[in-house]
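Subject: Structure handover and what was found in it

Dear colleague,

I am passing on the structure below, together with a written account of what turned up in it. Please read the account with the coordinates open beside you.

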Amino acid sequence: MSRSMLTLSASAIALMMAAPVFGQRIHDRSGFWVAGAVSGSSVRINCDLPDCSSDRRTGISGYLQIGGTLSRQTLVGVEASGWRASDAAARREYFAVMAVGYVFPSVAYPFFLKFGLGAGRYGEESSNDISSTGFALQIGTGYDFRLASRIWVGPFVQYISAPDQNAKLDRFPVSSDFSLNVIQAGVKIGRH
């Protein structure tokens, strides 16, 4: 191996090892923060309405957030989250607004747990238009890597459960068991 290849290889290894250490520095969380995410997602709908399938459906989702800092280990905010999927049979979407909280168990590492509570609306345009509204719960986890002094990026996974929804079929209320859950996995970016 030539000297230049050895130097280049050693430099690449040093950069790969330094990047996680740089992202794991003690976090100076303070003030307001904003974040957004793009993710793939999977939704399962449970209902007994006509043409209502309980198969899991995949789609694109994401969220926008704004909030404030309670302490170096606790953040609170508001999140608007959405999911959409379309195929030849129907167009489906779910939108939720939630109060969210982030807990960082260690001040030294940017690993977090996320909790949320709010309300959401599901809509489906098909041979029978279906809609539902109701409360939603959220739990998630992730890890933030520092890109710049106030910019963070990292992977996340979260689960949203919307049990006991008020369902409508073709705009008329129906008494039906209707619930859904969303699994999201993606990348978020934020400024803090």
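What follows goes from the overall fold to the core, the charged pairs, the aromatic rings, the surface and one backbone detail. Please keep in mind throughout that this is a predicted model.

Overall fold

The protein chain has one helix and eleven strands, and the order from the N terminus is α-β-β-β-β-β-β-β-β-β-β-β, with the helix leading and the strands following. Of the 192 residues in the protein chain, 41% count as buried.

The nonpolar core

The largest nonpolar core has 28 residues, and those with the most contacts inside it are Ile-45, Tyr-94, Tyr-102, Tyr-122, Phe-178 and Leu-180. The elements that contribute two or more residues to this core are β1 (32-47), β3 (74-86), β4 (91-103), β5, β6 (130-143), β8, β9 (166-169) and β11 (178-191). Among these, β1 supplies the largest share, namely six residues. As general background, nonpolar side chains tend to be buried together in soluble globular proteins.

Salt bridges

A search of the whole structure finds five salt bridges, and I describe some of them here. The side chains of Lys-114 and Glu-79 meet in a salt bridge with an N to O distance of 2.5 Å. Because Lys-114 lies in strand β5 and Glu-79 in strand β3, this pair ties together parts that are 35 residues apart in sequence. Are these two side chains buried or exposed? Lys-114 is buried, with a relative accessible area of 2%, and Glu-79 is buried too, with a relative accessible area of 1%. Lys-114 has a further contact that you may want to look at in the viewer, since it lies over the face of Tyr-63, at 4.2 Å from the ring centre.

Strands β5 and β4 are linked by charged pairs as well. Glu-124 and Arg-92 meet through their side chains in a salt bridge (3.6 Å, N to O), and this pair links distant parts of the chain, with Glu-124 in strand β5 and Arg-92 in strand β4, 32 residues apart. Glu-124 counts as buried at 6% relative accessibility, and Arg-92 counts as buried at 5%.

Glu-125 forms a salt bridge with Arg-91, in which the closest N and O atoms are 3.1 Å apart. Glu-125 lies in strand β5 and Arg-91 in strand β4, so this pair ties together parts that are 34 residues apart in sequence. Here the exposure is of another kind, for Glu-125 counts as partly exposed at 46% relative accessibility, and Arg-91 is partly exposed with a relative accessible area of 32%.

Aromatic rings

The count of aromatic pairs comes to six. One of them is formed by Tyr-143 and Phe-145, a tilted pair with 4.9 Å from centre to centre and 50° between the planes. Which side of the burial limit does each partner fall on? Tyr-143 is buried, with a relative accessible area of 19%, which is under the 20% cut-off, whereas Phe-145 is partly exposed, with a relative accessible area of 31%. Elsewhere, Trp-33, Tyr-102, Phe-104 and Phe-112 form one aromatic cluster, and Tyr-102 is also one of the residues with the most contacts inside the largest nonpolar core.

A nonpolar patch on the surface

Val-103, Phe-111, Leu-113, Phe-115, Ile-139, Val-157, Tyr-159 and Ile-183 form a nonpolar patch on the surface, and together they have about 610 Å² of accessible area. The elements that give two or more residues to the patch are β5 (111-125) and β8 (151-162), and the largest share, three residues, comes from β5. Val-157, a member of the patch, is placed in strand β8 and is partly exposed, with a relative accessible area of 36%.

A backbone detail

Asp-164 has a positive phi of about 50° although it is not a glycine. Asp-164 is found in the loop between β8 and β9, and at 65% relative accessibility it counts as exposed.

With best regards

How values were computed:
Residues are numbered from 1 along each chain as its sequence is written. This is a predicted model: local features need pLDDT of at least 70, side-chain atom pairs count only at pLDDT 80 or more; totals for chains, interfaces and linings use all residues. Side-chain values use heavy atoms; hydrogens and water are left out. Patches are made of residues with over 30% relative accessible area and no salt bridge: like charges are joined within 9 Å, nonpolar side chains (Val, Leu, Ile, Met, Phe, Trp, Tyr) within 5 Å. Accessible areas come from the Shrake-Rupley method with a 1.4 Å probe; for residues, only the protein chains shown count as cover. A salt bridge is a side-chain nitrogen of Lys or Arg within 4 Å of a carboxyl oxygen of Asp or Glu. Helices (H or I, at least four residues) and strands (E, at least two) are DSSP runs, numbered from the N terminus. Buried means under 20% relative accessible area, exposed over 50%, partly exposed in between (1.4 Å probe, protein chains only). A nonpolar core is a set of buried Ala, Val, Leu, Ile, Met, Phe, Trp, Tyr and Cys residues joined through side-chain atoms within 4.5 Å. Rings of Phe, Tyr and Trp (its six-membered ring) pair if their centres lie within 6.5 Å; planes under 30 degrees apart count as stacked, over 60 as edge-to-face and the rest as tilted. A charge sits over a ring if NZ of Lys or CZ of Arg is within 6 Å of the ring centre and within 35 degrees of the ring normal.
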